[in-house]
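Here is a brief report on the structure shown below. It starts with single residues and ends at the contact between chains.

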2 protein chains.
Amino acid sequence: MENWIERNRKYTLVNPESNFSIAFAGMKFTDADLLGLAPMVNRANRGIAEIEAGEIKNPDEKRKVTHFTDRLSYVGSPIYQEVEAFVEAVRIGKITGGTGKKFNAVAVNGIGGSALGPQLMQFAVNGPYWNEKSDAARNGYLKLYFLDNTDSAEFVDLLSVMDPETTLHLVISKSGGTQETKNNMIAMEKFYANKGLKFIQFAAAITMKGSELDQYSRGNHWLQVFEMAESIGGRTSETSVVGHLPAALTGVKFADFIAGARHMDQWTRKVDLLQNPAMMLAAMWYIAGKGKGNRNMVIVPYSDRLILMSRYLQQLVMESIGKERDLDGNVVNQGLNVFGNKGGTDAHAFIQQLNDGRDDFFATFIEVLKDSAKLPIAGDLTMGSYLHGFLAGLSSALLGKGRQIITVKISEVNEFNLGMLIALYERAVAVYAEFVNINAFHQPGVQSYKLAAKGILELRKDLIANAGEVNLSTALEIAQKIGRPQDAVEIGDLLDKSSFNCPMVSRTFDAKQNLWLYSIK
Amino acid sequence: MENWIERNRKYTLVNPESNFSIAFAGMKFTDADLLGLAPMVNRANRGIAEIEAGEIKNPDEKRKVTHFTDRLSYVGSPIYQEVEAFVEAVRIGKITGGTGKKFNAVAVNGIGGSALGPQLMQFAVNGPYWNEKSDAARNGYLKLYFLDNTDSAEFVDLLSVMDPETTLHLVISKSGGTQETKNNMIAMEKFYANKGLKFIQFAAAITMKGSELDQYSRGNHWLQVFEMAESIGGRTSETSVVGHLPAALTGVKFADFIAGARHMDQWTRKVDLLQNPAMMLAAMWYIAGKGKGNRNMVIVPYSDRLILMSRYLQQLVMESIGKERDLDGNVVNQGLNVFGNKGGTDAHAFIQQLNDGRDDFFATFIEVLKDSAKLPIAGDLTMGSYLHGFLAGLSSALLGKGRQIITVKISEVNEFNLGMLIALYERAVAVYAEFVNINAFHQPGVQSYKLAAKGILELRKDLIANAGEVNLSTALEIAQKIGRPQDAVEIGDLLDKSSFNCPMVSRTFDAKQNLWLYSIK
């Protein structure tokens with residue numbers, strides 16, 4: 001027992017000023033394991049220093065990686081001031097939409113990093129019901145909606161509550177070529193035109209200088225266009241203007257968020273493994289998963305406000321670490337699965353498996369020390385003491401079964417602590433990438449999937465152009481007719497979809513063949 | 001290629017009346033693999049028949065498992081009619097809260113199965129913005145909120161938008177002993193009392209006959225108490241009164257949902273593996289994961305409305321399958337990890353890893369054939385054709401890399417199809433449990449964790465009773481003082497929490513020892 005207590009003392013990293021701590025004692029490793037990582041730790045220290053010195057650390061895309069350093073000077077910078085001024089002008093109704101009404105909502109049109117970070121921030125800081133509050137309760141700040149897919153249901157759902165005259169449209173795309181974002185922009189432009197309104201008088205953009213979207217939005221005189229650096233990747237853009245503008249429009253104290261991220265950056269610049277929480281975190285991932293991601297990372301914040309944390313980290317970690325090749329070109333198929341939701345709720349869900357089932361994970365708990373309110377339940381037990389009891393009970397049950405856990409404690413859910421959390425994981429990802437010698441900052445798999453999607457749309461074009469009239473034919477017959485028999489399955493899929501959306505296409509099932517027969521008029 | 005086309009034909013199961021299909025060709029298996037499962041398929045057919053015949057299939061809890069059969073007679077049953085009558089009376093303002101105002105919101109207080117199912121249903125059928133709509137747009141049906149944790153933040157967040165006079169409180173707990181639910185009930189009772197209102201005049205319950213909650217709510221003359229069967233488990237309660245009442249209060253057509261579930265039940269009673277989609281689904285899980293869950297199940301509905309599907313299935317599958325022992329008492333540590341979000345969005349997140357990283361998963365895509373609206377983007381390409389293109393593109397990219405996928409197609413997101421989806425997975429879970437010889441219907445790990453949590457609360461009591469005044473002491477010193485040195489780590493955790501919530505407790509960091517020092521007045 002003394003040993004367990006000493007192990008906790010030794011492997012808990014504390015930052016007393018911020019009340020942030022992270023405890024690694026519940027992971028399975030020895031001092032020898034840590035010592036064995038020394039060459040990798042050195043390498044990672046060099047690598048992080050290179051990133052911060054502005055060297056090319058994303059060789060495929062030949063670009064620098066500046067999210068750790070840009071935030072050193074972000075607060076107070078011209079772009080920061082531009083955002084703050086814009087937000088205040090919107091809040092007090094100095095900048096309005098085309099019909100002169102004060103904006104009371106913003107629809108953020110962006111995907112991946114342009115949505116997940118702002119969603120996490122909004123839910124954590126303003127809570128789940130922000131959009132249901134009155135303008136006064138929001139202090140003039142805006143309701144916040146998202147378009148983060150190319151799903152007509154999402155678009156129609158937004159229209160069902162959107163007042164076009166009081167909604168600001170914020171289009172976020174670094175390249176401007178992101179198809180989902182472009183689609184929502186086009187659909188929204190058409191919607192505004194149908195209403196006799198000019199979309200350009202309700203629209204702002206965040207994009208890279210010279211991008212397609214930059215040219216388009218400036219050329220059409222949108223309300224304002226904000227520039228983002230080319231050297232900031234989508235999944236690490238939350239501490240840049242991409243995180244700032246949506247957050248500021250809802251009254252989030254973004255400077256505090258940056259301060260938290262910078263505070264963590266500073267802490268995690270320590271070169272000694274045992275004093276650097278990002279390095280230790282990466283070391284745990286490495287040791288637990290044998291450097292191959294052999295254990296899933298289960299993220300369980302004991303906080304309703306942090307429910308989106310696992311989703312955010314899923315993108316940050318998996319898109320960064322899930323790579324086919326290492327930096328030397330070897331096929332390594334790296335990865336690190338991330339999932340989770342919120343505790344104690346999930347103790348009534350997947351925690352059963354964590355307790356009793358496959359020992360193929362390590363859990364990361366995040367505890368929020370300060371309760372939002374003192375809600376007495378029985379004697380001196382409050383709602384918060386129960387939540388703590390469930391967390392501590394689960395930890396103890398899991399440890400008793402030889403399962404592995406990391407526990408993070410923060411004082412409360414606020415901008416500063418969120419900045420610390422995000423910076424911690426951003427840096428742990430960068431360190432882990434150095435450990436396993438991969439490029440954490442590109443996403444070739446996403447590119448290859450985009451290409452494949454393009455192929456499907458070309459096949460669709462081909463089908464429309466060449467199928468002609470068809471009567472009760474199988475997908476293979478139609479595929480043969482247009483000279484693409486090898487694409488019969490994909491053609492069937494296209495026709496399944498079309499039969500519900502194009503009046504010219506219908507289908508009927510042939511049970512004997514176990515195939516749909518398609519007709520095209 | 002002919003082979004790939006034929007493989008698709010052979011291994012796609014279609015139900016033409018409902019336009020529901022599920023394609024297994026993208027999984028790696030041979031006819032010989034399927035044949036090899038024959039003894040297990042027989043066993044599963046027997047097992048499911050036993051469940052449906054009302055035999056004891058949850059031996060630990062000595063109870064029957066009736067969710068498949070109760071829904072045969074649920075629609076039109078006395079309890080069904082009781083719910084429908086109650087809902088209509090609430091909707092038209094015949095049943096009101098204690099001050100006579102029409103209810104316009106319901107707060108569902110329940111956890112695990114009592115929350116996840118209703119949340120999934122609400123989001124899928126009524127969409128993300130239901131609570132922002134006017135009473136007229138909701139046709140008099142209620143806004144829907146959830147209390148599904150013991151987190152004071154969640155409670156305070158609800159209060160920030162809740163009108164106590166027009167909010168119906170629905171407490172759901174089979175046993176009545178669920179602590180999280182009890183906590184929210186107690187806190188809400190106090191809140192009402194402080195407002196000079198009587199909680200009992202705003203409250204209804206769903207619980208088992210004779211339970212603690214049954215006695216309490218009936219004894220206190222709550223508005224109404226609805227009975228749930230003991231033989232329905234939390235995670236499979238969505239087709240019972242537990243799913244019905246919250247859904248009906250928001251205008252969901254629950255009879256359609258039941259019809260969909262029954263339609264799937266019927267389809268999945270076929271004894272032939274190749275004609276039974278639940279059996280095939282379980283077979284795929286089994287073959288892909290070698291009967292041990294060696295691959296993660298990644299759920300990606302290409303539909304914003306279905307974003308909660310992965311969370312729902314995470315509970316259903318992991319709580320059911322994640323078991324330490326099989327039915328013969330052998331330690332097997334079974335499990336099947338489930339995670340996911342929504343496509344195409346997640347192609348900008350974790351899909352990078354699925355494409356390029358660890359080959360340790362199989363993906364299940366769910367496509368919705370009918371678009372919510374025709375939103376033209378370019379030429380004859382609509383928003384929906386892009387969504388299809390991304391799905392088909394990703395499938396093709398993944399298959400090209402030897403990854404495994406299952407594709408489900410449904411016509412649209414509605415009650416009927418949701419019923420089919422849920423029943424499909426409920427039955428696949430029951431089949432898989434037969435394959436691997438486990439009890440899918442208990443949750444001993446949750447019980448053991450509850451016990452551990454109780455231990456923490458007792459430790460807390462001990463600490464309060466015996467610590468006395470303490471000045472700048474370590475957790476170990478305090479632990480020794482109360483005669484529980486072995487609990488020093490847990491005591492430190494308790495004091496960390498208390499130092500933010502109890503004025504008598506404070507802490508200060510001793511950097512030299514790397515320990516917090518606590519003071520208790």
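Which helix of chain A holds A:Leu120? A:Leu120 is found in helix 6, residues 113-126. The model is predicted.

## A:Leu120 and its surroundings

A:Leu120 has a relative accessibility of 0%. The cut-off for buried is under 20%, so A:Leu120 counts as buried. Beyond its neighbours within four places in sequence, A:Leu120 is in contact with four residues: A:Leu308, A:Met309, A:Tyr312 and A:Ile422.

One distance sets A:Leu120 against another part of the chain. A:Ile48 is 72 residues away from A:Leu120 in sequence. The C-alpha atoms of the two residues are 26 Å apart in space.

## A:His263

Helix 11 of chain A, residues 254-267, contains A:His263. Its relative accessible area is 18%. That value is below the 20% limit, so A:His263 is buried.

Which residues does A:His263 touch, not counting those up to four places away in sequence? They are A:Asn15, A:Glu17, A:Ser18, A:Phe416 and A:Met420.

## Two covered helices of chain A

Helix 7 of chain A spans residues 152-159. Six of its eight residues are buried, and the helix is mostly covered. The buried set is A:Ser152, A:Ala153, A:Glu154, A:Phe155, A:Asp157 and A:Leu158. Within chain A, these residues pack against strand 5 (105-109), strand 6 (143-147) and helix 8 (179-194). They also pack against helix 15 of chain B. At the N-terminal end of helix 7, A:Asp151 acts as a cap. One of its side-chain oxygens lies 2.9 Å from the backbone nitrogen of A:Ala153.

Helix 19 of chain A covers residues 488-498. Because 10 of its 11 residues are buried, the rest of the structure largely encloses helix 19. Among the buried residues are nonpolar names such as A:Val489, A:Ile491, A:Leu494 and A:Leu495. The buried list also includes A:Glu490, A:Asp496 and A:Lys497, which count as charged.

## The contact between chains B and A

How many residues does each chain bring to the contact? Chain B gives 143 residues and chain A gives 144. The buried area between the two chains is about 12700 Å². Carbon and sulfur atoms give 58% of that area. On the chain B side, B:His348, B:Tyr449 and B:Lys497 supply 6% of the area buried against chain A, more than any other three residues.

Polar terms are counted too. There are 16 salt bridges between chain B and chain A. In one of these, the side chains of B:Asp157 and A:Arg305 meet at 2.7 Å, N to O. Across the interface, 89 residue pairs are in polar contact, with both residues at pLDDT 80 or more. Helix 15 of chain B, residues 383-400, supplies the largest share of the side that touches chain A, with 13 residues. That side of chain B divides into 57 nonpolar, 49 polar and 37 charged residues.

## Helix 15 of chain B

Helix 15 of chain B has 18 residues. From first C-alpha to last, helix 15 reaches 26 Å, close to the 26 Å expected at 1.5 Å a residue. Why is helix 15 of chain B largely enclosed by the rest of the structure? The reason is burial: 15 of its 18 residues are buried. After helix 15 comes B:Gly402, with a positive phi near 75°.

Note on methods
Residues numbered from 1 in each chain as written. Chains lettered and ligands numbered in written order. Predicted model: local features only at pLDDT ≥ 70, side-chain atom pairs only at ≥ 80, totals over all residues. Heavy atoms only, no water. Contact = heavy atoms within 4.5 Å. Buried area = accessible area lost by both parts, 1.4 Å probe. Salt bridge = Lys/Arg side-chain N within 4 Å of Asp/Glu carboxyl O. Polar contact = N/O pair within 3.5 Å; in protein donor to acceptor, adjacent residues only side chain to side chain. Helix = DSSP H or I, 4+ residues; strand = E, 2+ residues; numbered from the N terminus. Expected span 1.5 Å × (residues − 1). Buried < 20%, exposed > 50% of the residue type's maximum accessible area, 1.4 Å probe, protein only.
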